[in-house]
Amino acid sequence: MSDIPVTADPGGTPTGTADASTEVDLTAAPEVAEADVPPELLAQSLGQYLRAWWLRVRSGDSGVLPVVLAIVVVAVSFQVANPTFLSSLNLVNLFEQSTVYMVLAMAEIFALLLGEIDLSVGLVMVLGSVVVAELVQPTGPDWPWWAAIIAALLACSAVGAIQGSLVARLKMPSFIVTLGGLLILEGVAIIVLSGALVSIGNSRSSNELVLYDIFYGQFDPVVGWILLAVLAGAAGTGLWLRDASKRRHGLETPPRSLTAMKIVLMTVAGIAVVAICNVNRAHSGTIEGVPYIIPIVLVVLAAWTVLLQRTRFGRYVYAIGGNPEAARRAGVSLPAVRIWGFVLAALTSGIAGVLFASWQVSLTTNIIKTANSYVLLAVAAAVIGGTSLFGGRGKTIHGVLGGLVIGGIYNGLYLLGVPSQWIDVVVAAVLLAAATVDVLSRRGAPRQR
């Protein structure tokens with residue numbers, strides 16, 4: 001892929017490409033034109049930044065605002081209905097159970113950003129689960145846990161490469177390709193299981209114990225605080241130094257007060273999570289500390305955020321999703337980027353598969369069949385989080401926030417004793433609401449000609 005000047009807003013539709021047929025309407029109202037410019041390019045103070053941000057929201061680019069409001073509504077509603085919803089025990093359970101939705105949503109986002117859809121992420125997840133569980137069986141291959149995870153991720157990535165090649169090279173619709181992949185993988189996973197129960201709960205197998213602890217293990221409370229200090233310090237320092245470096249080179253940056261506010265909010269959120277997790281959650285005995293699975297998800301989030309928002313590949317993804325013809329004319333290799341997009345979606349689904357295997361402990365053919373619903377939840381979480389169905393707009397953080405909403409709805413309605421079929425109805429209603437917001441925001445965005 002050549003280094004061509006494709007410019008794109010990592011959180012939105014590309015604003016321009018070489019030879020692109022997008023000419024800004026010079027007759028647009030000044031406030032609309034101003035709203036189309038990133039707040040960082042206009043603001044000299046926090047107040048100016050917030051005013052510019054509000055103009056962007058009014059013009060249709062609402063960012064994470066809807067999903068943040070949704071999280072608040074879910075939390076308040078279920079806490080009023082059941083006072084145990086915001087208890088430390090239930091919140092940690094909610095965090096843990098939402099992680100699979102979060103990672104799967106991040107996988108789906110790679111396809112959605114390209115203007116495609118991947119219906120196979122749920123079954124790719126199951127394939128990863130079955131492979132990693134089978135390979136660590138003491139009576140079977142008895143592979144080391146790390147080798148089993150690598151093999152599972154490679155198998156999932158290979159599926160993504162095949163599907164991506166069919167979409168990118170043969171111009172086949174991604175809907176059909178991944179639907180076929182879904183059906184094939186369901187059969188393959190059942191064949192690999194051979195109708196038997198596969199478990200990773202054998203306490204005498206160190207490899208199975210490592211996989212089991214991915215979901216059910218936790219750090220010592222003191223270690224949790226140390227990790228928070230290290231992560232918050234590193235992230236805050238990196239954010240501050242990056243903005244300082246931009247200022248030294250004369251580049252546009254957010255106001256210092258905004259950078260400081262981001263660092264404070266990030267630190268406060270981390271303190272709240274660690275404090276909640278360090279409360280003893282056991283009815284008898286002691287279970288306390290940050291679950292291993294939470295930093296694992298954060299690492300995936302950080303890696304994919306950097307890839308999509310700080311690299312040339314990420315700019316190409318947004319450019320293709322926003323205007324593939326303009327990206328092609330600018331010199332972007334559309335087939336290569338699309339193939340890698342599907343590979344990364346499958347790889348991320350494989351990571352979700354490892355988490356899923358650890359969560360379920362025992363894998364049966366029944367679990368494989370019910371995993372079909374996970375692709376719908378992945379799409380729902382991504383769209384609810386703020387990723388556009390039309391391509392070119394979204395961030396991996398949207399998958400995390402959307403997954404938290406899905407997990408909160410399931411958890412809260414389960415606590416209220418609502419039948420599962422009604423839970424699906426509620427999730428579907430939230431998805432339709434999010435899709436409506438996406439469509440209306442597209443219509444409200446500044447028009448270009």
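At what angle do H6 and H14 pack, and how far apart are their axes? In this predicted model, the two helices pack at an angle of about 145 degrees, and their axes lie 7 Å apart. The crossing of H6 and H14 is right-handed. On the H6 side, the contact is made by Ile149, Leu153, Cys156, Ser157, Gly160, Ala161, Gly164, Ser165, Val167 and Ala168. On the H14 side, the partners are Pro335, Arg338, Ile339, Phe342, Val343, Ala346, Leu347, Gly350, Ile351 and Val354. Sorted by class, the contact of H6 with H14 has 14 nonpolar residues, five polar ones and one charged residue.

Helix H6, which spans residues 145-168, also meets helix H7, residues 174-193. Here the axes come within 9 Å and cross at roughly 150 degrees, which makes H6 roughly antiparallel to H7. The crossing of H6 and H7 is right-handed. From H6, the residues involved are Val159, Gln163, Leu166 and Val167, and they meet Ser174, Val177, Thr178, Gly181 and Leu185 in H7. The residues of this contact divide into five nonpolar and four polar, with no charged residue. Val167 is thus a familiar name by now, as it takes part in the contact of H6 with H7 and also in the contact of H6 with H14.

Helix H14 (residues 334-360) has a further neighbour to introduce, helix H8 (residues 206-216). These helices pack at an angle of about 90 degrees, with their axes 8 Å apart, and are therefore roughly perpendicular to each other. In H8, the contact draws on Leu211, Tyr212, Asp213, Ile214, Phe215 and Tyr216. These residues meet Val354, Leu355, Ser358 and Trp359 in H14. By class, the contact of H8 with H14 has eight nonpolar residues, one polar and one charged. Val354 of H14 appears in this contact and in the contact with H6 as well.

Finally, a word on cysteines. Cys156, one of the H6 residues in contact with H14, is buried, with a relative accessible area of 0%. Cys277 is likewise buried, and its relative accessible area is also 0%. How many disulfides does the model contain? With a disulfide taken as a pair of cysteine sulfur atoms within 2.5 Å, the count comes to zero.

How values were computed
Residues numbered from 1 in each chain as written. Predicted model: local features only at pLDDT ≥ 70, side-chain atom pairs only at ≥ 80, totals over all residues. Heavy atoms only, no water. Axes fitted to C-alpha atoms, helices over the stretch in contact; angles between N-to-C directions. Helix = DSSP H or I, 4+ residues; strand = E, 2+ residues; numbered from the N terminus. Parallel < 35°, antiparallel > 145°, perpendicular 65-115°, else oblique. Left-handed = near helix turned anticlockwise from the far one by under 90°. Contact = heavy atoms within 4.5 Å. Nonpolar A, V, L, I, M, F, W, Y, C, P; charged D, E, K, R; others polar. Buried < 20%, exposed > 50% of the residue type's maximum accessible area, 1.4 Å probe, protein only.
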